[in-house]
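Morning, everyone. Please have the structure open while I talk. I'll go through it piece by piece.

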Amino acid sequence: MKNASELNFGEKAVIKDINSSNPYYKRLLEIGFTPGEEIELINTSIFNDPMTFSLRGTLIAIRKKQAESILIS
Amino acid sequence: MIQTPLVTLVGPPNSGKTTLFNILTGKHFKTVNYPGSTVEYSSGDFSKKFNISAKILDSPGLISLNPNSPDEELTIQSLFNHPTNGIPDLILVTADSSQLSRHLLLAKQLIESGFKVILVITMIDILNRKKLTVNHKLLRDIIKTDVTIINGKTEEGIDNLVKIIKSKLTEERKFPNIEKLKIFNHKEYLIKSFEEIESIVNKVIEPLNSDLTKANNELNILNPVLKEVTRKPDELTLKIDRILLHKYFGFFFFLIFMGVIFSSIFWLAAPLMDLVDTFFSSLASYSSEALGNNWYSHLIADGIISGTGAVLIFLPQILILFLILGLLEDTGYLARGAMLIDKPLSKIGLNGKSFVPMLSGFACAIPAILSTRTISNRKERLLTIFIIPLMSCSARLPVYVLLIAYLTPSDKPWLGGFFLSFVYLISILLSIVVAYVINKFNKKLIRYEVESAFILELPTYKLPKLKVVLRNTFENSKQYIIRAGPIIMLLSLIIWFLTYMPNHSPVIDKTGLNQEEIALLENSERLTYSYAANLGSFIEPIMLPLGLDWRVGVSLITAFAAREVFVSSMALIFKITDEENIQSSLLTAMKNAKIESTGQPLFTVSTSIGLIFFFIFALQCISTLAVSRKETGSWRIPVLQLVIFTSTAYFISFIIVNFLRAIGIN
């Protein structure tokens, strides 16, 4: 399954699930990365990491490692 | 006697919680730590005009009641039962109206825990700009909790909030159930909660135009366009980010901004620092003139007044630094800076959030260490505190200026600026190497291993609120004076004692000298036979391998009070009697100085460069150690810092001096 770190700039996707093996998966859920929610990759730093996603009307920057645990369809 | 009721303010980061706290307290509050910890909260009374007799507590921003760090755990525990104030009678929970779908989680958990809660909807102006509003009466009926809307800027809705607080406080007390916390931790619970919140938000968000609302309600349909609009980030923010967070230019802009801030810390502060310096040195000379040439006059002038000056001389830099950082933070850029620099910093075990404290370290390590509190990961926070003393703080500048002036040929003054930039570059590179090495030995040194993450909301760009920024700048500067002031002051007095006693009234040949020259000659004579000089001779065997003698040793000891004291101590020891131009006469004295035991010249190219490197590394600041002790909770880190940095300083200096001599540079 694809994950959020594979999105291109401006590409939108709907969250399928959050991988529970990531130690920060609960924090990701709490901040609003929940199944069914649409996200869009807005930008990344020059190092491709962290990545900024548009989510629920705000912008959230997370490391690539955390983005990998956000499974999308 | 009836106990004063307790109202606690809770809310997610960026939800307008602090603004509300400022309004309710009328900005009269004090910031304290939870007992036995470094986590801060603010407490105060309601502003008199509201006529509510209750205590009000602010708490650090929370995303949910499920803790993610030791600091959050403490905050949440204290919410249920505060160590000094007990169980809150009422909780005000804030939620940004444009972020309801995320911010309602915390409110929901608080209500479910059994607290008496008022939900305060904030930043309604942002939602109104999207031609939307919140139906707070409907929301109140659904979540069965009082809901009110406020505008933090215009203070609209505050009167209504106050009315609700008053009536809620008269209701019967409720006791929260801490056992509820266990269910908040489940993935299924979180997903289900968000689904519930989703359906609530869809019901309560309405178009500003009331006719349309009515029509929608009657038809009982959810406008899909409405949902689309609430899910769109601020247009202007996206536009600005297209430039400032551009994949390639973004980093370039970041470097330019930091360069400007960095140089302004020095250039803007320099004239103010001169002013402070001039003020205190003239105050000292007036007082000694008025009081005469005796011990208490010297104590007041050289101990107390100069000590106060040593504390206040850094105030301009600290003020300017916090003013600029505060403005940048308030606009929303600072979070973006942390994001841009996170990757390189994570390579050496730090976090994007380490960068502001590191930058502050170039002004003064004390406020810098205090500002590491924003780093939630304990290992990253301790590592950041660990390397902050390596940032070349402003106290080292006068020392570098003196030594570089000594090394620079007088016909090529531009070389001095070049050397100085080089020194700063080296100090940055070295701190990176040290962080890397310490991170490698993390298990032995820092002893914390927590999986690292970076999850940060990038707030909407907005114009900074100058009033709030000024207040924070003032608070930070006050913290510096309170924490560092007494230590620097005490040390100044101890060093005054060591350099003044026991030969307090030296006998000198006064023929042909005026009053001023007599005083200065007496000073240097006194120092030559002082306790500090004894101490200096004692450490001379340690100084000789660096090509230095007891006189530099004494200056290094005195520099423990504040590094820039090194220069004035040198002036005293080398019997500089020309007050008009200390630097040029000190430079001449340095050129002629010879090591007494061997007769070799004291300040050569190699020993001066060695000394610069000593200052780059050495942790010569007792105030830093004290703050490091306080913020890390034990002596472990400060002692490691002192031992590692000072011994490294010695060995690096030793290697450089001997290497330069070996290749023929004396």
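**One residue, then outward**

Start with B:Arg661, which sits in helix α32 of chain B, residues 636–662. One reminder before I go on: this is a predicted model. Is B:Arg661 exposed or buried? Neither, quite. B:Arg661 is partly exposed, because 16 other C-beta atoms lie within 10 Å, and buried would take 20 or more. Leave out residues up to four places away in sequence, and B:Arg661 touches B:Ser606 and B:Asn666. Now look across to B:Ile142. In sequence, B:Arg661 and B:Ile142 are 519 residues apart. In space, C-alpha to C-alpha, they are 81 Å apart.

Now chain B as a whole. Its C-alpha trace spans about 105 × 60 × 45 Å along the principal axes. Chain B holds 32 helices and ten strands. It has 666 residues, and 41% of them count as buried. What about contacts in chain B with a separation of 6 or more? Residues 24 or more positions apart account for 71% of those.

On to domains. Chain B is divided into domain 1, residues 6–232, and domain 2, residues 486–662. How far apart do the C-alpha centres of domain 1 and domain 2 of chain B lie? The answer is 57 Å.

Next, the interior. The largest nonpolar core has 175 residues. Two of them, B:Val93 and B:Cys364, touch the most other members. The core draws at least three residues from each of domain 1 and domain 2 of chain B. Zoom in on B:Val93. Set aside its neighbours within four places in sequence. B:Val93 is then in contact with B:Val10, B:Gly11, B:Leu106, B:Ala107, B:Leu110, B:Val117, B:Leu119 and B:Val120.

One helix of chain B deserves a stop here. That is α28, residues 565–573, which is mostly covered. How many of its nine residues are buried? Eight are. Among them are B:Phe566, B:Met570, B:Leu572 and B:Ile573. The buried set also includes B:Ser568 and B:Ser569.

**Where the chains meet**

Now bring in chain A. The contact takes 34 residues from chain B and 30 residues from chain A. Which elements of chain B give two or more residues to the side that touches chain A? Four helices and a strand are on the list: α3 (100–112), α8 (187–204), α12 (249–267), α16 (333–347) and β10 (455–458). By type, the residues on that side of chain B divide into 16 nonpolar, eight polar and ten charged.

Keep your eye on β10 of chain B. It belongs to an open sheet of six strands. The order is β5(A)-β1(A)-β2(A)-β3(A)-β4(A)-β10(B), and the pairing is antiparallel. Which are the edge strands? They are β5 of chain A, residues 70–72, and β10 of chain B, each pairing on one side only. On average, neighbouring strands of this sheet are turned by 45 degrees against each other, direction ignored.

Let's take the pairings in turn. At the chain boundary, four bridges join β4 of chain A, residues 58–62, to β10(B). These two strands run antiparallel. In that pairing, A:Leu59 has B:Leu458 as its bridge partner. A helix comes in here too. α16(B) lies across β3 (51–55) and β4 of chain A together with β10 of chain B. It runs at about 140 degrees to β10(B).

Move to the other edge. β1(A) and β5(A) pair over three bridges, in the antiparallel sense. A:Ile18 stands opposite A:Ile70 in β5(A), and A:Asp17 has A:Leu71 as its bridge partner. β1(A) also pairs with β2 of chain A, residues 38–44, again antiparallel and over three bridges. There, A:Lys12 is matched with A:Glu40 as its bridge partner.

Last stop: A:Glu11, in the segment before β1 (12–18) of chain A. Why does A:Glu11 count as exposed? Because it has 12 C-beta neighbours inside 10 Å, and the limit for exposed is 12 or fewer. Not counting residues up to four places away in sequence, A:Glu11 touches A:Glu40 and A:Leu41. Compare A:Ile70: it is 59 residues from A:Glu11 along the chain, with 15 Å between the C-alpha atoms.

That's the tour. Over to you.

Terms used. Residues numbered from 1 in each chain as written. Chains lettered and ligands numbered in written order. Predicted model: local features only at pLDDT ≥ 70, side-chain atom pairs only at ≥ 80, totals over all residues. Contact = placed C-beta atoms within 7 Å. Nonpolar A, V, L, I, M, F, W, Y, C, P; charged D, E, K, R; others polar. Pairing = 2+ DSSP bridges. Domains from an automatic or database assignment. Core = buried A, V, L, I, M, F, W, Y, C linked by C-beta atoms within 7 Å. Axes fitted to C-alpha atoms, helices over the stretch in contact; angles between N-to-C directions.
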